[in-house]
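Work through the exercises below with the sequence and the model side by side. Try each task before reading its solution.

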Amino acid sequence: MKPKAMTVRLDPEQAAELEAVAEVEGVPVAEAIRSAIAEHIEARRRDEAFQARLRASLERNRRILEKLAR
């Protein structure tokens, strides 16, 4: 699968902090961002409340799509 480019706008203080973290970790800023995103997604996979909201959203969308398919 081809990587997807995305743009993220950060305030200057957050950008400076991110750059400092990446430098100390010895990784490019893009890798630090990818790592943080992966950790965030994994945390949501373990979050029972998020999973309940996700299931509810899936059910709502399933009903809408079935209605549109008629």
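The exercises go from the whole chain to a helix pair and then to single residues.

This is a predicted model, in which local features need pLDDT of at least 70, side-chain atom pairs count only at pLDDT 80 or more, and totals for chains, interfaces and linings use all residues. Residues are numbered from 1 along each chain as its sequence is written, and side-chain values use heavy atoms, with hydrogens and water left out.

**Exercise 1. State which elements the protein has and in what order.**

Step 1: count them. The protein has three helices and zero strands (DSSP runs: H or I of at least four residues for helices, E of at least two for strands, numbered from the N terminus). Step 2: read from the N terminus. The order is α-α-α.

**Exercise 2. Set the dimensions of the protein against a compact globule.**

Step 1: take the radius of gyration, computed over C-alpha atoms. The protein has 18 Å, whereas a compact globule of 70 residues would have one near 11 Å. The globule rule is 2.2 Å times the number of residues to the power 0.38. Step 2: take the spans. Along the principal axes, the C-alpha trace covers about 55 × 30 × 25 Å. Step 3: check burial. Of the 70 residues, 4% count as buried (under 20% relative accessible area; exposed is over 50%, partly exposed in between; 1.4 Å probe, protein chains only).

**Exercise 3. Describe how α1 and α2 pack.**

Step 1: choose the descriptors. Two packed helices are described by the angle between their axes and the distance between the axes. Step 2: apply them. The axes of α1 (residues 12-25) and α2 (residues 29-46) come within 9 Å and cross at roughly 100°. Therefore α1 is roughly perpendicular to α2 (angles of 65 to 115 degrees). Step 3: list the contacts (heavy atoms within 4.5 Å). Leu18, Glu19 and Ala22 in α1 meet Val29, Ala32 and Ile33 in α2.

**Exercise 4. Decide whether Ala32 and Glu25 are buried or exposed.**

Step 1: place Ala32. Ala32 lies in helix α2. Its relative accessible area is 15%, so Ala32 is buried. Step 2: find its partners. Beyond neighbours within four places in sequence, Ala32 contacts Leu18, Ala22 and Val27. Step 3: turn to Glu25. Glu25 belongs to helix α1. Its relative accessible area is 58%, so Glu25 is exposed. Step 4: add a distance. The C-alpha atoms of Glu25 and Met6 are 22 Å apart.

Conventions: Axes fitted to C-alpha atoms, helices over the stretch in contact; angles between N-to-C directions. Parallel < 35°, antiparallel > 145°, perpendicular 65-115°, else oblique.
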